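The exercises below ask you to work through one protein chain step by step, with the structure open beside the text. Each task is followed by a worked solution.

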Amino acid sequence: MTSPSESKTSINSSIFEVQNILHELQTHLPALSKPSESSTVAGNNIHAFGPVNLDKTRQEFKQQIDQLRSICSQFEADVGDMMGAGTDPTVKKHFNQLKEQAALQSSVLLIKQHWQQSASCLEKALNSRPAYSAQDRVEQLEKLATSMGLVSFIDTSQQDDRGQPLTTITLGGKVIVIDIDIQSTGHVQQAKVTFVPEHLQKDQDDKLDYLLTTNLQGASAEAFKQNLGTLAQLDHLNITHAPMDFFVTIRHLYQDLKTIAEQETLQLSNQLSQVLLEGHGIPCLNLNAPGIAITYWMDKEKRDKCNWDQVDTDINQGKSPLSLLVASSLTIGFEESTHPRQYLPADRTSFLVGFQETEESITSGSNQLKVIKEPKWPQFMPPLRFVKPSSATTNAPTLPVRFVAKLTNPLPASDIVCQKLLEMMGIASKKDGTPATMTLDRSPALSLEDLLVQPFLDDNKTPSPLHTKHLIWGKTMEGSLDQAYEWMANTGSSGKLLHRIPFQHPAQLFGIVQCLRQQHMFNDLFHTIFNQETYKASTVTPTSTKPASLDDILQATEQDQRLRIQVTSVEAPKQLQLSVCVPANARQAFLCIPLMIEIPADQASLPKVRLESPADIGKMWNPKVLHADDLTAVLQKELNVPSLVAWLWQCIQDAPQQPLMLDRPLKRAHNMMDMDGMEAKHLKLEEN
């Protein structure tokens, strides 16, 4: 058997390490191991904001490849031409022995690899089964703790309030200790987190205990595993990068975000819903995961149902605002980085520059810190100032660790949004552009629109209905004409699934949130058209190979009393284009009203409607019937495309005597007043 030092430098070991890296990548990206789906799902997940830290994987892969090259170069330098004709038999015998040893080592490593994979599958199966006793639960937790580098202790001497035996398992690291009380039936009574260092005693939080207890009491084994993994990771980082304390960094960042939210709440007259949609978001501690959750978006239906008074009360009382669990949020954490990052020195407790703090007091200190402004900020207040270490800061910890914001649920986003985020994080420049649209048949991944409709399909193998030509998505409207939507199926927006967003400094957080909000609004409006309800009511319009006459077309148009709308996206998530075709009547035989819904990046919660010019040259829409400002007001109130279309039709119905289009006024270079002025000027010149 080879020694550890030999195994590290052997070709077999390096090859198996490369295989392990690829196997771990496939574990996090199952689509890579499924050829039938690899051309779709995998393409939406393998990118800088996917579920896997590709920078870390790339670095590990490069290290192993470099090691293989080094071994091969060393072998070539040592052996040279020794194995040519006339080689000494003793040398040949020695090389044959080396080959046999390499084959044996390869077999041992292969067996070890299969054993580890089998053990992992067996452990996963055992952990997923219900715990019918305290012993079952303890075994599951012990194995989970061991896999995360935590130690475990078991105490069976305790009893509960009813005198029943109680088993307590303690999962411990250097910083955290978690006590879990388990009844004889396997039911978890409670979980309690304790911080060992004295300076973290004030970080004891009942909300964190409640979170872990809820995970263990419900069918949330995966959620508990993720949350325990977060705590174990912070514990491990504290050991690896001492004296840097990541728990303290989380605490200080939360205080900064809380201060920002309080100021924005005052600016917006205590309207928490506006803070959520337009400000830096509402920060919560230990809401759905250990650490900071920045809630930044909620669709209209959930927002209308949310009890905002209760949210305000919970925040003021230091409780978890459970009503915000339905909101989209970013969980702030840390991950490995290929480039070192600077953190604040120990004597600076805040990233945020205080509102009464002067820039001179910061830059003139011994730490040589610098003050920066956030690159993006809300419209209702000036940009905030943050502290950042400079190259001259000598006592700032410099670590291969970076901030990361993890999305609670993967967000379908266009490549335009991904490019913006890459530029914002300094990963890519504006020159590295990405296509806004893609041909669906040639794409290696699902389009943005496919990603949005995929959740309500019967199964993942069902082809996207957006690819079906002449598919009509039906929407029944009470008190109005039914609506028939058709997606222009030739092209779509190239897109990705966003799982995590690494960033360098908290000053970048608002810019991240701003990008995500624009995408959320696009997705929400898209889903008001293409959803499970309209999909169930969808029909394929039969197409005839026989050429239709003009009379046939007119007759079919007169019989169809639906509002027909063609939909396409333009540079998603910036614009959504509608072409509303109203039924033929005595006023107009054919009429299509083109609308452009624009989602501004700086105020995504307030989309706007632009009324495009009619197809008839020299015509304009009658502002007494249709006006873009009125359409915008309706959309901002309802945030629902079918409601907007129904209101548009009602406007036409309410003005039967008004023509829908007017002649556009001729553009003249000058009006009469201008002409009079020019005449006076001309006369004056003549007099001179």
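Helices (H or I, at least four residues) and strands (E, at least two) are DSSP runs, numbered from the N terminus. This is a predicted model, in which local features need pLDDT of at least 70 and side-chain atom pairs count only at pLDDT 80 or more, while totals for chains, interfaces and linings use all residues. Residues are numbered from 1 along each chain as its sequence is written, and side-chain values use heavy atoms, with hydrogens and water left out.

**Exercise 1. Describe helix 14 and its surroundings, and state what Gly-426 does just after helix 14.**

Step one is to set the terms: buried means under 20% relative accessible area, exposed over 50%, and partly exposed in between (1.4 Å probe, protein chains only). By that rule, eight of the eleven residues of helix 14 (residues 415–425) are buried, so this helix is largely enclosed by the rest of the structure. The buried residues are Asp-415, Ile-416, Val-417, Cys-418, Gln-419, Leu-421, Leu-422 and Met-425.

Step two is to find the partners, where contact means heavy atoms within 4.5 Å. The buried residues of helix 14 pack against strand 10 (398–414), strand 15 (495–503) and helix 16. Finally, just after helix 14, Gly-426 takes a positive phi of about 80°.

**Exercise 2. Characterise the aromatic pairs, beginning with Trp-473 and Tyr-535.**

Rings of Phe, Tyr and Trp (its six-membered ring) pair if their centres lie within 6.5 Å; planes under 30 degrees apart count as stacked, over 60 as edge-to-face and the rest as tilted. By this rule the count comes to 16 aromatic pairs. In one of them, the rings of Trp-473 and Tyr-535 have centres 5.6 Å apart and planes at 40°, so the pair is tilted. Trp-473 belongs to strand 12 (residues 471–475) and Tyr-535 to helix 17 (residues 532–536), so the pair ties together parts that are 62 residues apart in sequence. Trp-473 counts as buried at 1% relative accessibility, and Tyr-535 also counts as buried, at 18%.

A second pair, Phe-522 with Phe-526, is stacked, at 6.2 Å centre to centre and with 20° between the planes. Both of these residues, Phe-522 and Phe-526, lie in helix 16 (residues 509–529), four residues apart, which is about one turn of the helix, and both are buried. To complete the picture, Phe-456, Trp-473, Trp-487, Phe-522, Phe-526, Phe-530 and Tyr-535 form one aromatic cluster.

**Exercise 3. Decide which cysteines are joined by a disulfide, and describe the link.**

The criterion is that a disulfide is a pair of cysteine sulfur atoms within 2.5 Å, and by this rule the count comes to one. The disulfide joins Cys-581 to Cys-592, with an S to S distance of 2.4 Å, and with 85° about the S-S bond the link of Cys-581 and Cys-592 is right-handed. Cys-581 lies in strand 18 (residues 575–581) and Cys-592 in strand 19 (residues 592–598), eleven residues apart. Cys-581 counts as partly exposed at 21% relative accessibility, as does Cys-592, with a relative accessible area of 38%.

As a contrasting case, Cys-515 is in no disulfide, since the nearest cysteine sulfur, that of Cys-418, is 9.7 Å away. Cys-515 is buried, with a relative accessible area of 7%.

**Exercise 4. Work out how helix 19 and helix 20 cross, and which residues meet there.**

Two packed helices are described by the angle between their axes and the distance between the axes. Axes are lines fitted to C-alpha atoms, for helices over the stretch in contact, and angles run from 0 to 180 degrees between N-to-C directions. The axes of helix 19 (residues 628–638) and helix 20 (residues 641–654) come within 9 Å and cross at roughly 145°.

The residues that meet are Asp-630, Leu-631, Val-634, Leu-635 and Glu-638 from helix 19, and Ser-643, Leu-644, Trp-647 and Leu-648 from helix 20. By class, this contact has six nonpolar, one polar and two charged residues, where Ala, Val, Leu, Ile, Met, Phe, Trp, Tyr, Cys and Pro count as nonpolar, Asp, Glu, Lys and Arg as charged, and the others, Gly among them, as polar.

**Exercise 5. Place these details within the chain as a whole.**

The secondary structure of the chain comes to 21 helices and 22 strands, and buried residues make up 44% of its 688 residues. Among contacts between residues at least 6 apart in sequence, 66% join residues at least 24 apart.
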